[in-house]
Amino acid sequence: MADVAYYTKEGLEKLKEELQYLKTTGRQIISNAIAEARDKGDLSENAEYDAAKDAQGHHEAKISKLEEAMSNARLLDDSKLDLTKVLALSKVKIKNLKNGATMTYQLVSESEADLKSGKISTASPIAKGLLGKKVGQTIEITVPAGKIEFEILEISR
């Protein structure tokens, strides 16, 4: 059984839209490619047909993976989040105690993670170290580059 993943409303909508696209337009494109390759003659020596069938297999596997993700998806209502500690969907402002740099991250599901927009996966080392902590706490987190000390400055949604 797969782990439950928590999504924002936008993240869950994006997942639904992608699944709908793959099931409708995506399948139609693959079907057309198979039909076109089939029309070219002998299937035993038809590389285009083999490639189209392989693409169909990959496409169906992707649909299956997204359906599984949807079945394990849970929508988080961020208006009911406890702001006294770091949880999934929390926005956390932290300070690196070694170099004084401050950064703000939002903890999101793995599929919604986007470092450029400040969204990190709850499965990442930094997020795991932050979960459950409170404002003012100093924590040491082990990251691939070594251990880093952070202070939690602010928690919001």
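How far apart do the end C-alpha atoms of residues 85–156 lie, and how much of the span is helix and how much strand? I looked this up in a predicted model. The end C-alpha atoms are 9 Å apart. Helix accounts for 8% of the span and strand for 46%.

**Entry: records and domains.** I checked what the UniProt record says about this stretch. In an unreviewed entry, UniProt gives residues 85–156 the feature "domain: Transcription elongation factor GreA/GreB C-terminal". I then took the domain assignment of the protein chain, which lists domain 1 as 5–75 and domain 2 as 90–156. Over C-alpha atoms, I find the centres of domain 1 and domain 2 separated by 35 Å.

**Entry: the sheet.** I followed the strand order next. The open sheet has five strands, ordered S5-S4-S3-S7-S6, with mixed pairing. Strand S5 (119–121) and strand S6 (138–143) are at the edges with a single partner strand each, so each has one side without a neighbour in the sheet. I noted an average twist of 45° from one strand to the next.

I looked at one pairing in detail. Strand S3 (residues 91–96) and strand S4 (residues 102–108) run antiparallel and are joined by five bridges. For Lys91, I find Gln106 in S4 as the bridge partner.

**Entry: nonpolar cores.** Which residues have the most contacts inside the largest nonpolar core? I find Ile94, Ile126 and Leu130, in a core of 15 residues. At least two residues of this core come from each of S3, S4, helix H3 (125–130), S6 and strand S7 (146–156). I listed the contacts of Ile126, leaving out neighbours within four places in sequence: Ile94, Ile120, Ile141, Val143 and Phe150. I also noted a second, separate core of eight residues, with Leu12, Leu19, Ile63 and Ala73 among them.

**Entry: Glu151.** I picked one residue of strand S7, Glu151. Is Glu151 buried, partly exposed or exposed? Its relative accessible area is 25%; buried would need under 20% and exposed over 50%, so Glu151 counts as partly exposed.

I then checked what surrounds Glu151. Lys95 is 56 residues away from Glu151 along the chain, yet their C-alpha atoms are separated by 5.2 Å. Not counting residues up to four places away in sequence, Glu151 touches Lys93, Ile94, Lys95 and Leu97, as well as Gly136, Gln137 and Thr138. Ile94 in that list is also one of the residues with the most contacts inside the largest nonpolar core.

How values were computed:
Residues are numbered from 1 along each chain as its sequence is written. This is a predicted model: local features need pLDDT of at least 70, side-chain atom pairs count only at pLDDT 80 or more; totals for chains, interfaces and linings use all residues. Side-chain values use heavy atoms; hydrogens and water are left out. Two strands pair if DSSP finds at least two bridges between them. Helices (H or I, at least four residues) and strands (E, at least two) are DSSP runs, numbered from the N terminus. Axes are lines fitted to C-alpha atoms, for helices over the stretch in contact, and angles run from 0 to 180 degrees between N-to-C directions. UniProt positions are given in the numbering used here, feature names are shortened, and annotations may be inferred rather than shown by experiment. Domain bounds come from an automatic or database domain assignment. A nonpolar core is a set of buried Ala, Val, Leu, Ile, Met, Phe, Trp, Tyr and Cys residues joined through side-chain atoms within 4.5 Å. Buried means under 20% relative accessible area, exposed over 50%, partly exposed in between (1.4 Å probe, protein chains only). Contact means heavy atoms within 4.5 Å.
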